[in-house]
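Reader: I would be grateful for a close look at the salt bridges of this structure. Please then relate them to the interior and to the place where the chains meet.

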Amino acid sequence: MAEKNKLSIICMSGDFDKAIAVFTLASGAAAVNYEVNLFFTFWGLNMIKKKGGRDFIGKGLLARIFNFLLGGRNKLPLSRLNFAGASPVLMTGLMKNRNVATLPELFQASIALGTNFYACEMAMVVLGLTQDDLIPEVKKVLGVASFLEMSKGGQTLFI
Amino acid sequence: MKTVTLDITKDHCPMTFVKTKLQLSKMEPGDILEILLTTGEPLDNVPRSVVEHGFQVLEVTPVKDNIHKVVVKR
């Protein structure tokens, strides 16, 4: 059997709109039989925190404040015109009205279709996070070498 | 063998493929899936994605304005 097509995405941004791009590509590619690998680093880690809201998680005072301010998946800001968090709510309403999948729907679809989630070891150290702070779907905490090996032979995107 | 109908005429990319894939994964080999979809992106790509998974497209027929029926064998 021919090897599966493969899409690997480095998810660095923690912006709402870029998260939509990540999970649209991930769920779409998985649905057309691609192997999909998502590698979350820095602000991208906010998308895969176990707690969707704001919480003082992580090791060390500064890291805990940082993680509280950054928040989780339900608190992602729009990259432009965020208006203190009002815009992502309005945008989600607009998407629902127009029958376009919302971020939670795309996120759940990506999980249901077997997308592989990985977290960046270095960024986790900086933000004082452990794998226990992340959703259980995260398969492994990786470094650059493992990511390069995993993405070899496929398409790689940086979002 | 059972036949299931999936209406994705109101959905957009990527949920057209996603719903098709999730429905097919719930079905048994030999089952039939009738997909109602719109012309354009869904009609161009949903049948192709189904074939990519190794399933068989038995029929593609226009139903009414802008809507087609794609019959797939799991």
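Author: A salt bridge links the side chains of D15(A) and K18(A), with 3.5 Å from N to O; the term denotes a side-chain nitrogen of Lys or Arg within 4 Å of a carboxyl oxygen of Asp or Glu. The model is predicted, so local features need pLDDT of at least 70 and side-chain atom pairs count only at pLDDT 80 or more, while totals for chains, interfaces and linings use all residues; side-chain values use heavy atoms, without hydrogens and water. Residues are numbered from 1 along each chain as its sequence is written, and chains are lettered from A and ligands numbered from 1 in the order in which they are written.

Of this pair, D15(A) counts as buried at 18% relative accessibility, whereas K18(A) is partly exposed at 34% (buried is under 20% relative accessible area, exposed over 50%, partly exposed in between, with a 1.4 Å probe and protein chains only). A second salt bridge joins D55(A) and K51(A) at 3.1 Å, N to O. Here D55(A) is partly exposed at 25%, and K51(A) is partly exposed at 45%. K152(A) and E149(A) form another, at 3.3 Å, N to O; K152(A) and E149(A) are both exposed. Over all chains the structure holds five salt bridges.

The interior is described by the largest nonpolar core, which has 64 residues; F23(A), L38(A), F40(A), L45(A), I48(A) and F117(A) have the most contacts inside it. Such a core is a set of buried Ala, Val, Leu, Ile, Met, Phe, Trp, Tyr and Cys residues joined through side-chain atoms within 4.5 Å. Beyond four places in sequence, L38(A) is in contact (heavy atoms within 4.5 Å) with residues including I9(A), V22(A), F23(A) and F117(A).

Where the chains meet, the rule finds zero salt bridges between chain B and chain A. Four residue pairs are nevertheless in polar contact there, both residues being at pLDDT 80 or more; this means N or O atoms within 3.5 Å, one able to donate a hydrogen and the other to accept it, and residues adjacent in sequence count only through side-chain atoms on both sides. In all, 12 residues of chain B are in contact with 16 residues of chain A. P14(B), M15(B) and E52(B) supply 33% of the area that chain B buries against chain A, more than any other three residues; buried area is the accessible area (1.4 Å probe) that two parts lose on being put together, summed over both.
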